[in-house]
Amino acid sequence: MAKQQDTKKLFEDLSGTGKSIGVLTSGGDAQGMNAAVRAVVRMGIYVGAKVYFIHEGYQGMVDGGDNIEEASWESVSSMLQVGGTVIGSARCKEFRSHEGRLKAAHQLVLRGITNLCVIGGDGSLTGANLFREEWSGLLEELVRQGLIDEEAAQNNSELHIVGMVGSIDNDFCGTDMTIGTDSALHRIIEVVDAIMTTAQSHQRTFVLEVMGRHCGYLALVSALACGADWVLIPEMPPEDGWEEHMCQKLSENRADKKRLNIIIVAEGAIDCHNKPITTNHIKELVVSCLGFDTRVTILGHVQRGGTPSAFDRILASRMGVEAVLALLEASDSTPACVVSLCGNQAVRLPLMECVQMTQDVQKSMDEKNFEEAVRLRGRSFENNLNTYKLLSYHKADSKLPNSSFNVAVLNVGAPAAGMNAAVRSAVRVGIKEGHKMFAVNDGFEGFYKGQIKEITWGDVAGWTGQGGSILGTKRTLPAKHLDKIAEQIRIHNINALLVIGGFEAILGVIELSAAREKYNDFCVPMVMVPATVSNNILGSDISIGRDTALNAITYTCDRIKQSASGTKRRVFIIETMGGYCGYLASVGGLAAGADTVYIYEEPFNIRDLQSNVEHLTEKMKTGIQRGLVLRNENSNENFTTDFIYQLYSEEGKGVFDCRKNVLGHMQQGGAPSPFDRNFGTKIAAKAIQWISRKLKESYKDGKVFANTEDTACLLGMRRRTMAFQPVVQLKDETDFAHRIPKEQWWLKLRPLMKILAKYKTSYDVSDSGQLEPVTRVRPKKAD
């Protein structure tokens, strides 16, 4: 029990002593499965349990022998960055039979394994649940056959199951993202970006087939992330006459001087008569109707391969730790659960409710009730589909409304990958809402200098995949230029502002809203969307650009670690960006498998440094003979990267040698990741819809007048929801001197990183342990 005076629930109170956990991967492989296996093994060993690999999925469980092998801490080293599953996966017909499950039960009882962590799709998880339901009957049968004695049956009387969903299709209901989906999107977008350059050269149309036999998530999100001209998915069959409709849109885009067309097709795409739509059919259609040079690319198993993305490594690590906690807390009355992601929160859901809901999706699609199928898919899928529809427009549709409102968009602060996707989305949604959209170049500096011009639908074509800020961005704040900015607002008759940027952006919105008392020109709706690699914006757990930066850090660390593969006993000291915010260092460290991460938010002294050196010295005595240390650039003014490098070099003499790397601005550059493109697109669309509502509410007597707190907001993700928060109310939550929020959610991930690096630490698991009901059907319209 936790101490009376402490309301926190600490995982130290949960012991795994005397327990055995089996971990297996089953069904189709997915990138990130290895990170999940690693987390289960290390967390299990950490709490005192025995952990066993079950090789080759259920087949290995049935066959037993060497397929069930006790895991050690070192046995999962270097797994984090490897795609697929190193413990193997197989589809097992034998386990579907009662006889096969009896053999599997026997193999588990022989080793005292009564806790199973299953990583796979809905079929694998359904099989695990059936196994659990039959467990007591299987034990009785084994006793009758004389294969085990009564004592063994008594000691292994309960079987606990926890599932993690590993599937690139993201086709499991109850979770926003499954392990492997983000990495598959990386593979798709890498191919699309490469194809776009060749397609542009020859003015070609490309038809891409992506995986998704029963679920169109990959096709839908990749279409959003690359700005595809057309997408075909099983959940949204096109109506009769779609062929003409599609060709008309492709033709319009070419007429608008767009040199290429991209059509993305899910492998399970169907029309409204349940007839499959193939890539070859689309190619023939485009060639015969338009005469465009058209090529087909089928991505196939490329999508399953490659190294896992930072998102998948972090997701899988969090899920793996949560799965072990769920097993430790399970009782005979606890139903089998699945560990899921809801927004930014790890949750536990009843496994069979999720499986049933997943099966209901297919049932709804078979009955042609596609609206219901989309709703059952969950809020993530529904939001993506709604955003795609919002951004789809062509001239043959009805005429656009005319709101007579002018909305300005600007980037403020340092560039962040995904800013351009957000601007494109804002411009196009604004135009669809009937507004006239204006682009402000170079942030508030360009604003007061009058660098403002109208921006049209076609002006933002092809922006989603471009890094940096096409509009230009500066760190200048508006306070010293209020007169000139107010004058520009009058000249261009600006009725609302969308500010996309980092810490300077929120400071700018705070300054403009404070100036409303003196200037009526600032009495317009204004909303800020967070975009910064540092992820240091109060009011939002995540910001545009941080995922791309995390991937840059993670992949660079992979390469740096690999450089030591032929050199034993080497420690790398790596400096990351982030100002005073340790997000990139901490979460990047979790994704890259760091031993230690130094950040400003967690003060450290020379004794801590000495302890870390000793920890690495001990590590070097094992089979793992390299170390990774990350340091946030402003973590300590005296313990600089050079100081830490020299200290480790001196103290590690004769045991290991050191190298240092400063990653610098490579973290800010590059093409945006699929997550940043998608997040930027959705959050900017939501911001413009909010602006439209506020404009209608504040329009009186022929003019817009908005001076209440709730008309100057930040739109951010808080745990599970996207929320509009008045910037004035966020001031108290901010440490302005160090440009960080006073409370930061990701600090809860720090102990997780330390545990996986074998440090003894305290871990607050207050958010864990609650088995939540599955939300089936929500109201159709939600704000």
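Contact, as the word is used here, means that heavy atoms lie within 4.5 Å. With that in mind, we can walk through this structure, which is a predicted model, and begin with a pair of helices. In helix 4, the residues Asp 122, Leu 125, Thr 126 and Asn 129 meet Leu 351, Met 352, Val 355, Thr 358 and Gln 359 of helix 11. Sorted by the character of their side chains, the residues of this contact comprise four nonpolar, four polar and one charged.

How are the two helices placed with respect to each other? Helix 4, which covers residues 122-144, packs against helix 11, residues 351-366, at an angle of about 140°, and their axes are 10 Å apart. Because of that angle, helix 4 counts as oblique to helix 11. The crossing of helix 4 and helix 11 is, in addition, left-handed.

From the helices we turn to the sheets. Strands of a sheet pair through backbone hydrogen bonds, and they may do so in a parallel or an antiparallel way. One open sheet holds seven strands in the order 3-2-1-4-5-10-11, and its pairing is mixed. Strand 3 (68-70) and strand 11 (345-350) form its edges, each of them pairing on one side only, while the twist from one strand to the next averages 25°. Within this sheet, strand 1 (residues 20-25) is joined to strand 2 (residues 50-54) by four bridges in the parallel sense, and Gly 22 has Tyr 52 in strand 2 as its bridge partner.

A further open sheet has four strands, which follow the order 19-20-18-21 with parallel pairing. Its edges are taken by strand 19 (596-598) and strand 21 (657-662), and since each has a single partner strand, one side of each is left without a neighbour in the sheet. On average, neighbouring strands here are turned by 20° against each other, if direction is ignored. Strand 18 (residues 570-576) and strand 20 (residues 626-632) run parallel and are joined by seven bridges, with Phe 572 standing opposite Leu 628 in strand 20. Helix 20, made of residues 606-619, lies across strand 18, strand 19 and strand 20, and it runs at about 155° to strand 20.

Finally, how confident is the predictor? The pLDDT of the protein chain averages 91, and 95% of the residues score at least 70. Over residues 1-7, however, the pLDDT stays under 50, and the model has three contacts for them beyond four places in sequence. Residues 777-783 are also below 50, with twelve contacts beyond near neighbours in sequence. Where pLDDT is low, the predicted coordinates should not be read in detail.

Conventions: Residues numbered from 1 in each chain as written. Predicted model: local features only at pLDDT ≥ 70, side-chain atom pairs only at ≥ 80, totals over all residues. Heavy atoms only, no water. Pairing = 2+ DSSP bridges. Axes fitted to C-alpha atoms, helices over the stretch in contact; angles between N-to-C directions. pLDDT = per-residue confidence, 0-100. Parallel < 35°, antiparallel > 145°, perpendicular 65-115°, else oblique. Left-handed = near helix turned anticlockwise from the far one by under 90°. Nonpolar A, V, L, I, M, F, W, Y, C, P; charged D, E, K, R; others polar.
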